[in-house]
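Dear colleague,

I am handing over the structure that we spoke about, and my notes on what was found in it follow below. Please read them with the model open beside you.

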Amino acid sequence: MVSASTKQFSPFRLDLINECLWRSREHECDERISLTPKAFAVLRFLVEHAGRLVTQAELIDAAWPDVVVQPEVLKAQISNIRLVLGDDPNCPKFIQTLHRRGYEFIAPVSDATTNEGSELVRPLIVGRDSTLQILHQRLRTALNGQRQVIFITGESGIGKSSLIEHFEHEASAAVRQLRVVRGQCIEGYGGKEPFYAMLDALGQLLHGPHREDWKQMLASQAPTWLVQFPALLTRQQRESLQSEILGNTRERMLREIHAVLETMASVHPLLIVFEDLQWADEATVGLISALARRRNPAHMALAGTYCPADVTLDNQPLQTLARELLVHGLSHEIALTPLTVTDVDAYVRGASRTTPADGLANLIHAHTEGNPLFMVAVLEDMTRRGLLAHEDGTWRLAVPLQEIAVEVPETLLEMLEARIDRLSTEEQRILEAASAVGTVFSADICSAVANAEPEHLERLFEALTRRQQIVRRVRGNQLPGTNGYQCYEFRHALYREVLYRRMAASQRARLERSISQWLQTRASRAPETHELGPHVGKGSNAGYANKNRTARDNGTHRGTALEVAFA
């Protein structure tokens with residue numbers, strides 16, 4: 001049976017039935033791209049009204065019909081969609097911003113057909129088999145009546161959302177009548193409304209295939225929640241509920257929704273998914289606490305994702321709760337680690353399982369540190385630049401490996417800049433100085449250009465390391481010539497790239513001169529300082545040293561002052 005249920009805008013297809021995005025790929029299976037429910041709603045409305053101005057008010061009404069949100073929340077979703085589409089806001093191919101008015105979807109859109117019931121190919125997931133096994137084990141425990149709370153943690157781009165979406169798909173196929181409740185937390189603005197993630201989840205359920213079941217359950221057990229969705233109620237229903245919600249408090253809402261979830265879990269196995277809990281409001285954290293601490297049996301599992309660096313940044317209440325639950329054995333944490341070179345190689349091989357170019361996986365891994373989001377963005381950027389060819393399901397080099405200079409893709413630049421901007425002004429200034437030193441640096445070297453005492457800089461680097469932000473300690477012994485100070489490195493070469501690029505050319509040149517002078521002075525006192533150059537510049541791309549002098553003249557320098565000094 002054929003149905004017109006897909007909107008196509010090359011190379012993407014928007015699947016309106018499965019609420020996902022597909023990217024067409026030549027010579028291999030199409031790639032399914034995960035979108036949050038709100039991002040999908042925004043993109044769908046834009047695509048369905050392509051070729052005309054769509055105001056901010058229209059988009060907010062479409063994606064948040066029952067919740068009051070600020071325009072900044074919409075802007076965040078637009079940024080996420082652009083990142084997925086690889087769309088540059090300064091030279092858009094899909095979404096154009098019409099200043100102070102709204103947005104317009106400018107790409108040609110056509111209706112496409114899909115065969116209902118056909119098995120859609122899911123995106124390639126590598127390096128997560130053992131993690132998926134753990135999740136399925138926890139779900140089986142929940143099916144036996146022992147409630148489970150699982151926190152999936154990791155840095156931005158590590159693949160938390162892709163993993164949980166993949167798990168949902170497998171769990172739904174394996175467990176009959178499994179009900180999935182999915183809510184999304186949003187940074188600031190409307191995301192700080194009490195119980196935002198749960199309201200987001202209910203908003204989807206009340207428009208889904210089992211909406212009548214949920215509506216009846218809310219009406220009988222949780223009237224304070226049902227009135228949060230006035231569009232679903234008649235005037236008479238709203239008036240009749242007014243007397244029931246007198247004395248509405250956060251505590252009452254918590255008690256009611258807890259009863260609803262327990263009732264649903266007694267009828268159908270329940271999987272609750274809350275994404276981006278680092279932005280969770282206190283009421284949502286309280287709900288997680290209540291669900292985890294109850295002792296009575298329940299066929300219920302709650303899986304929440306969060307980025308530890310963002311939790312510790314603002315000292316969110318989630319940090320305290322997560323620790324308490326882990327200590328008392330009431331939750332489990334799955335910390336996602338970066339992909340290995342072998343994992344990257346498996347991804348580069350793709351569906352064809354053929355052997356890719358020698359050294360390509362090592363190159364990609366060196367510049368992304370195994371971060372899946374960074375990996376995909378770098379591969380796609382290199383393909384657009386003509387450095388790689390995507391053929392027969394694998395990436396192949398179009399130029400010699402030694403001629404490739406990995407750059408920060410524009411699709412990642414905005415995200416990395418946003419993470420750096422969350423740091424204090426002093427932290428940003430020090431890290432910019434460190435980027436001029438190299439991929440590896442110490443407080444001793446950075447003091448030469450940062451106008452600060454080494455002890456103060458080391459305390460700053462230690463604080464960033466504890467918060468899992470931008471830098472980390474270098475394992476092993478200190479490098480020669482650093483006077484015993486701990487050495488640090490950027491968590492990703494791309495962070496250093498962004499920090500270096502954001503400085504003016506004159507500032508970069510000044511820092512490089514200061515570092516060179518420091519090296520010359522230190523070398524006259526301590527001969528072992530001559531060994532710093534190759535050590536501190538480690539991780540830089542092959543061929544950088546030969547290109548630095550020319551690149552520095554046009555502001556595209558990617559190397560370090562140390563590499564220039566010792567070239």
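Is N371 buried or exposed? Before the answer, please keep in mind that this is a predicted model. N371 has a relative accessible area of 0%, and it is therefore buried. Its place in the chain is the loop between helix 15 and helix 16. Leaving out residues up to four places away in sequence, N371 touches E155, S156, G157 and I158, and also H492.

The helix before that loop deserves a look as well. Helix 15, which covers residues 360-368, has 7 of its 9 residues buried, so the rest of the structure largely encloses it. The buried ones are L360, A361, L363, I364, H365, H367 and T368. Directly after helix 15 comes E369, which has a positive phi near 55 degrees.

Next, the nonpolar cores. The largest of them has 59 residues, and the members that touch the most others are L431, F441, F461, I470 and F490. The element that gives the most to this core is helix 16 (residues 372-384), which supplies 7 residues. There is also a second, separate core, made of 49 residues, with L206, A298, M300 and Y306 among them. Returning to F461, and leaving aside its neighbours within four places in sequence, its contacts are I430, L431, F441, S442, A443, C446, V471 and Y488.

On aromatic pairs, the search of the whole structure gives 12. In one of these, F9 and F94 meet edge-to-face, with 5.9 Å from centre to centre and 70 degrees between the planes. This pair links distant parts of the chain, since F9 belongs to strand 1 (residues 2-9) whereas F94 sits in the loop between helix 3 (71-85) and strand 6 (95-98), and the two are 85 residues apart. F9 has a relative accessibility of 1% and so counts as buried, and F94, with a relative accessible area of 4%, is buried too. Another pair joins F461 and Y488, whose ring centres are 5.3 Å apart and whose planes stand at 45 degrees, so this pair is tilted. F461 lies in helix 20 (residues 454-466) and Y488 in strand 18 (residues 487-490), so the pair ties together parts of the chain that are 27 residues apart in sequence. The relative accessible area of F461 is 0%, which makes it buried, and Y488 is likewise buried at 0%. I would add that F9 and F94 belong, together with F12 and F105, to one aromatic cluster.

Strand 6, which follows the loop that holds F94, forms a hairpin with strand 7. These two strands run antiparallel and are joined by 4 bridges, strand 7 covering residues 102-105. Among the bridged residues, Q96 has E104 in strand 7 as its partner. The hairpin has 3 residues between its strands, and R100 takes a positive phi there, near 65 degrees.

A further sheet is open and consists of 5 strands in the order 10-11-12-9-13, with parallel pairing. Strand 10 (179-184) and strand 13 (332-335) are at its edges, and each has a single partner strand, so one side of each is left without a neighbour in the sheet. From one strand to the next, the twist averages 15 degrees. Strand 13 pairs with strand 9 (residues 148-153) in the parallel sense over 4 bridges, and I334 in strand 13 is the bridge partner of I152. Two helices may be examined against this sheet. Helix 4 (residues 129-143) lies across strand 9, strand 12 (300-306) and strand 13, and runs at about 160 degrees to strand 9. Helix 11 (residues 282-293) also packs on the sheet, where it touches strand 9, strand 11 (270-275) and strand 12, its direction making about 150 degrees with that of strand 11.

Finally, how many disulfides does a search of the whole structure find? The count is 0. A disulfide is a covalent bond between the sulfur atoms of two cysteines. As for individual cysteines, C185 is buried, with a relative accessible area of 3%, and C307 counts as buried at 2% relative accessibility.

With best regards

Definitions and conventions:
Residues numbered from 1 in each chain as written. Predicted model: local features only at pLDDT ≥ 70, side-chain atom pairs only at ≥ 80, totals over all residues. Heavy atoms only, no water. Core = buried A, V, L, I, M, F, W, Y, C linked by side-chain atoms within 4.5 Å. Buried < 20%, exposed > 50% of the residue type's maximum accessible area, 1.4 Å probe, protein only. Contact = heavy atoms within 4.5 Å. Phe/Tyr/Trp six-rings, centres within 6.5 Å; stacked < 30°, edge-to-face > 60°. Pairing = 2+ DSSP bridges. Axes fitted to C-alpha atoms, helices over the stretch in contact; angles between N-to-C directions. Disulfide = S-S within 2.5 Å.
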